[in-house]
Amino acid sequence: MNGLLKALQTSKEMSQERFNELEKIKKLDKKIYNFNYTDNFFEVYLNKDSYLTSNKITYTNVLENEINKNLSLAV
Amino acid sequence: MKLIPNIIGYHTNDKTRCENFIKNSIGIFSEDTHWLGYGMYFWDNKSNATYWKDEKFRKHKEINVLWITQANIIIDEILDLTDIEVAKTFEKLWEDYSSKKGFLQNENNEIPIGKKIDMLFDFYDELSNEYKVIKCYGQYKGIKDLNIFYRTNNCKITNKVRVIYSVRDEKKISNPKLLEECLR
């Protein structure tokens, strides 16, 4: 639980100004989180990097071959 | 010899993606709102993966083939939300974060838990650096308890709870294998 406790301590000691500054540095102040649940079986990310850049892949049978090509390129 | 703590996780998905997962070690990461946020999701037993297969066939009429896969999930860096002390600390962290974000109570209530987890992981390096796997219990109210539990006085056992793992880092997944090919 060390990481969690460290995060809590960091958070408690962080000023509002520093919080705002970090949000800007991490570009989280402008990040839009999609709160609407969609059980879309065909959308995935390749990895953490693609998640952070919101590079979601839509997966359909029609696009299957193209996506396979992209997956190969990503490797 | 160093022992690495791990569990066997079960994941159901369409054949093509599972093939890529098994042959090329390409994880199947999704974004979830009401569970654990970003990650590749695993059940801790095959029956739950079979349940998920049935759900997917029911919801997606266009799918005719699904694969149930298994893999070893390395859990040395786990955020275990089934541990109440961990969950309480996580809750405190969210309260501090949301206060600094200036969320009103009603806004706070509307943010799905998966997004709360993602927000905290995005902001606090202490979380994203230390925790690569998250574990929770899912409550499935629609599932009926088995008679042997339901019809036994003072029975404390239930079928309504399921263990779910979300793996946020593909390095924590190893030995992916095909367990079963399922046809509609």
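How many of the ten residues of α2(A) count as buried? The count is zero, and α2(A) is hardly covered. This helix makes a convenient way into a predicted model of two chains, A and B. Just after α2(A) comes K27(A), a residue with a positive phi, near 60 degrees.

From this helix the view can be widened to the whole of chain A. Its secondary structure consists of four helices and two strands, and these follow one another along the sequence as α-α-β-α-β-α. Chain A has 75 residues, of which 12% are buried.

Chain B has 184 residues, and 35% of them are buried. Seven helices and seven strands make up its secondary structure. A reader tracing the chain from its start will meet them in the pattern β-α-β-α-β-β-α-α-α-α-β-α-β-β. Along the principal axes, a box of roughly 50 × 50 × 45 Å holds the C-alpha atoms of chain B. When contacts in chain B between residues at least 6 apart in sequence are considered, 76% of them join residues at least 24 apart.

The two chains meet in a contact that takes 31 residues from chain A and 41 residues from chain B. On the side of chain A that touches chain B, the elements giving two or more residues are α1 (2–13), α2 (16–25), β1 (43–44), α3 (48–52) and α4 (64–74). The helix α2(A), met at the outset, is thus among the elements listed there. The largest share on this side, ten residues, is given by α1(A). Sorted by class, the residues that chain A brings to the contact are 18 nonpolar, six polar and seven charged.

The interior can be considered next. In soluble globular proteins, nonpolar side chains tend to be buried together. Here, the largest nonpolar core has 39 residues, and those touching the most other members are L4(A), M40(B), F42(B), I73(B), L93(B), L120(B) and V167(B). Strand β3 of chain B, residues 65–74, gives the most to this core, with five residues. For a closer look at one member, F42(B) is a good place to stop. Apart from its neighbours within four places in sequence, F42(B) is in contact with G9(B), Y10(B), H11(B), I73(B), Y165(B) and V167(B). Two of these partners, I73(B) and V167(B), are also named among the core residues that touch the most other members.

Another two of those core residues, L93(B) and L120(B), lead to a pair of helices in chain B. L93(B) belongs to α3(B), where L93(B), W94(B) and Y97(B) meet K116(B), M119(B), L120(B) and F123(B) of α5(B). By class, this contact has six nonpolar residues, one charged residue and no polar ones. The axes of α3(B) (residues 84–101) and α5(B) (residues 113–123) come within 11 Å and cross at roughly 75 degrees. The two helices are therefore roughly perpendicular to each other.

Finally, the confidence of the prediction can be set beside these descriptions. The model scores ipTM 0.88 and pTM 0.88. Chain B has a mean pLDDT of 93, and 100% of its residues reach 70 or more. Among the elements of chain B, the lowest mean pLDDT, 87, belongs to helix α1 (residues 15–24), while strand β4 (residues 78–80) has the highest, 98.

Note on methods: Residues are numbered from 1 along each chain as its sequence is written. Chains are lettered from A and ligands numbered from 1 in the order in which they are written. This is a predicted model: local features need pLDDT of at least 70, side-chain atom pairs count only at pLDDT 80 or more; totals for chains, interfaces and linings use all residues. A residue is buried if 20 or more other C-beta atoms lie within 10 Å of its own, exposed if 12 or fewer, and partly exposed in between; C-beta atoms are placed from the backbone. Two residues are in contact if their C-beta atoms, placed from the backbone, lie within 7 Å. A nonpolar core is a set of buried Ala, Val, Leu, Ile, Met, Phe, Trp, Tyr and Cys residues joined through C-beta atoms within 7 Å. Ala, Val, Leu, Ile, Met, Phe, Trp, Tyr, Cys and Pro count as nonpolar, Asp, Glu, Lys and Arg as charged, and the others, Gly among them, as polar. Axes are lines fitted to C-alpha atoms, for helices over the stretch in contact, and angles run from 0 to 180 degrees between N-to-C directions. Angles under 35 degrees count as roughly parallel, over 145 as roughly antiparallel, 65 to 115 as roughly perpendicular and the rest as oblique. pLDDT is the predictor's confidence in each residue, from 0 to 100.
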